[in-house]
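Here is my note on this model, written for someone opening it for the first time. Keep the 3D view open while you read and follow the points in order.

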Amino acid sequence: MTAQGVPLRRRVLVMIVSVTALAVALFLVPLAIAVNLLYHDQAVAALQRDAAWVAAAVPDEPRVPLKLPTGLPGDLVVGGYSVRGMRMFGDGPGHSSLAASSKNGRVHDTVEGGFLAVSAPVPSDEGPALFIRVATPNSEVAERVHEAWLLMGGLALIVIALAAGAAVRQSARLAAPLERLTAAAQALGGGDFSVRPSLSGLREADQAGQALESTARRLGDVLARERAFSADVSHQLRTGLTGLLLGLESSLSRPGADLASAVRTALARGERLQEVIDDLVRLSRDSRVPSEQLDVAALMKELRQEWHGPLAEHGRRLTITVEPALPPVTARPAAVRQILRVLLDNSLRHGQGEVTVTVADVGPGTAVEVSDHGPGVAEGVDPFARSSGRSHGIGLALARSLAEAEGGRLVLSRTRPPLFSLLLPGDDI
């Protein structure tokens with residue numbers, strides 16, 4: 001099923017642009033109102049200044065011809081009005097309600113007839129009887145406001161455009177690591193355990209990438225171990241089964257053979273093979289449960305009972321020596337049992353003379369050494385290599401794998417005569 005939803009790139013882009021546009025709008029609307037008021041107040045202040053200037057220069061006798069001061073702006077409309085608002089001289093409407101409202105002696109302003117007008121009384125000892133009305137086209141003030149609004153709108157669009165550009169970059173920066181993680185997870189699902197997501201600089205994404213890389217590496221190691229384990233186990237089981245079948249065939253082919261003894265021997269080998277199967281099945285499950293404390297003495301006693309007979313049949317002796325006061329060892333008994341079975345089977349098949357098993361305290365742990373008096377391992381040959389040319393190498397490879405799974409090591413300490421050492425860490429390591 002394909003996942004549905006809005007892509008992260010688009011979601012981040014829309015979110016950042018929306019938040020920026022909202023912030024710009026919340027800032028721009030009050031600013032536009034403030035600019036409108038500012039330009040209106042500036043225009044009114046200029047008209048008040050011009051009206052006061054004209055009122056100071058005009059005599060308070062209405063019949064005296066009006067003589068305006070020089071230097072006034074050319075777009076001003078200046079007129080004189082009576083207390084009833086009737087125009088007495090100058091320019092402007094025939095009647096002005098603004099001028100009529102100025103009989104209280106104060107300066108007033110309003111929009112009248114499409115003009116922003118200011119009315120100021122002419123100073124007089126008997127009280128104001130003449131009022132000067134100064135007006136300018138309101139469209140000019142509105143035009144200035146509109147120009148300021150257009151400028152602010154342009155700046156707002158630039159800000160939103162910059163935010164969109166930053167959003168595109170940020171969305172790519174956020175989405176790219178997740179897209180790479182998705183591709184890596186898909187590759188991991190397809191069986192590619194070599195995925196290595198590149199670092200992005202985002203801590204969370206990098207942590208997820210490192211976790212995915214660690215998971216891929218672990219899965220690859222587990223799969224490789226399971227494959228090798230399966231191959232080694234199949235060899236180990238075939239070896240035991242082959243010995244059982246050969247024993248039965250030999251008894252049937254020999255005249256006068258003791259069939260009852262052969263059956264008992266086959267049953268004993270079958271029981272041993274069943275035990276091997278049970279151990280290997282338990283060991284193949286990577287449950288990661290804590291290992292139990294190893295009872296070395298009981299394990300050595302079990303090995304003596306199991307291998308004394310097969311070695312004695314070949315005229316060989318088994319000697320087991322356990323040092324006293326060994327440090328406690330934590331390991332799965334099934335794993336250690338299988339490792340020692342491989343080593344003893346290797347000595348039985350390829351070694352000579354007495355087989356010696358020694359358990360000793362080596363300071364940081366316990367060492368179990370298995371040796372015999374055979375020819376050993378030739379120079380330059382790796383006895384742990386999984387090579388079809390050396391059948392015992394597969395068993396030793398399994399033994400080494402089991403030792404490493406328990407946190408220990410299996411090494412060839414001496415080539416001639418051969419000495420294999422199983423090093424198991426102590427509880428305090």
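1. Let's begin at Val29, which you'll find in helix H1. Val29 has a relative accessible area of 48%, so it is partly exposed. Its C-alpha sits 9.8 Å from that of Trp149, although the two residues are 120 apart in sequence. Bear in mind throughout that this is a predicted model.

2. Stay on H1 and move along to Ala46; the helix covers residues 8-57. Ala46 is partly exposed too, with a relative accessible area of 24%. Here the partner to look for is Val118: it is 72 residues away along the chain, and the C-alpha atoms are separated by 9.6 Å.

3. How do H1 and helix H3 pack? H3 covers residues 138-189, and the axes of the two helices lie 8 Å apart at an angle of about 165 degrees. An angle over 145 degrees counts as roughly antiparallel, so that is how H1 and H3 run relative to each other. Their crossing is right-handed. Sort the contact residues by class and you get 30 nonpolar, 6 polar and 3 charged.

4. Now step back for the overall picture. The protein has 8 helices and 10 strands. It has 429 residues, of which 36% count as buried. If you take the contacts between residues at least 6 apart in sequence, 63% of them join residues at least 24 apart.

5. Next, have a look at helices H6 (residues 296-313) and H7 (residues 333-350), whose axes come within 11 Å and cross at roughly 25 degrees. That angle makes H6 roughly parallel to H7, because anything under 35 degrees is put in that class. H6 passes H7 in a right-handed crossing. On the H6 side, the contact is made by Leu299, Met300, Glu302, Leu303, Glu306, Trp307, Pro310 and Leu311. H7 brings Val336, Arg337, Leu340, Arg341, Leu344, Asp345 and Leu348. By class, this contact has 10 nonpolar and 5 charged residues, and no polar ones.

6. A backbone detail worth a click is Ala325, in the loop between strand S6 (318-322) and H7. Its phi is near 55 degrees, a positive value in a residue other than glycine. Buried or exposed, which is Ala325? At 75% relative accessibility, Ala325 counts as exposed.

7. How many aromatic pairs are there? The count comes to 1. The pair is Phe384 with Phe420, arranged edge-to-face, with 6.0 Å centre to centre and 90 degrees between the planes. It links distant parts of the chain, 36 residues apart: Phe384 is in the loop between strand S8 (365-371) and helix H8 (391-405), while Phe420 belongs to strand S10 (residues 419-425). Phe384 counts as buried at 8% relative accessibility, and Phe420 counts as buried at 5%.

8. Strand S8 also holds Ser371. This serine has a relative accessible area of 14% and is buried; the cut-off for that is under 20%. Which residues does Ser371 touch, not counting those up to four places away in sequence? They are Glu354, Val355, Thr356, Arg414, Pro418 and Leu419.

9. One of those partners, Pro418, deserves its own stop. Pro418 is in the loop between S9 and S10 and is buried, with a relative accessible area of 7%. Leaving aside neighbours within four places in sequence, Pro418 is in contact with Val370, Ser371, Asp372, Gly374 and Gly376. Val377 is 41 residues from Pro418 along the chain, and the C-alpha atoms of the two are separated by 6.8 Å.

10. Finally, don't miss the cis peptide bond, which runs from Arg416 to Pro417 with omega near -20 degrees. Pro417 lies in the loop between strand S9 (409-414) and S10, and Pro418 is placed between S9 and S10 as well. With the model open at this loop, you can look at the cis bond along with the contacts that Pro418 makes to Val370, Ser371 and Asp372, among others.

Key. Residues are numbered from 1 along each chain as its sequence is written. This is a predicted model: local features need pLDDT of at least 70, side-chain atom pairs count only at pLDDT 80 or more; totals for chains, interfaces and linings use all residues. Side-chain values use heavy atoms; hydrogens and water are left out. Axes are lines fitted to C-alpha atoms, for helices over the stretch in contact, and angles run from 0 to 180 degrees between N-to-C directions. Helices (H or I, at least four residues) and strands (E, at least two) are DSSP runs, numbered from the N terminus. Angles under 35 degrees count as roughly parallel, over 145 as roughly antiparallel, 65 to 115 as roughly perpendicular and the rest as oblique. A crossing is left-handed if the near helix is turned anticlockwise from the far one by less than a right angle, and right-handed if clockwise. Contact means heavy atoms within 4.5 Å. Ala, Val, Leu, Ile, Met, Phe, Trp, Tyr, Cys and Pro count as nonpolar, Asp, Glu, Lys and Arg as charged, and the others, Gly among them, as polar. Rings of Phe, Tyr and Trp (its six-membered ring) pair if their centres lie within 6.5 Å; planes under 30 degrees apart count as stacked, over 60 as edge-to-face and the rest as tilted. Buried means under 20% relative accessible area, exposed over 50%, partly exposed in between (1.4 Å probe, protein chains only).
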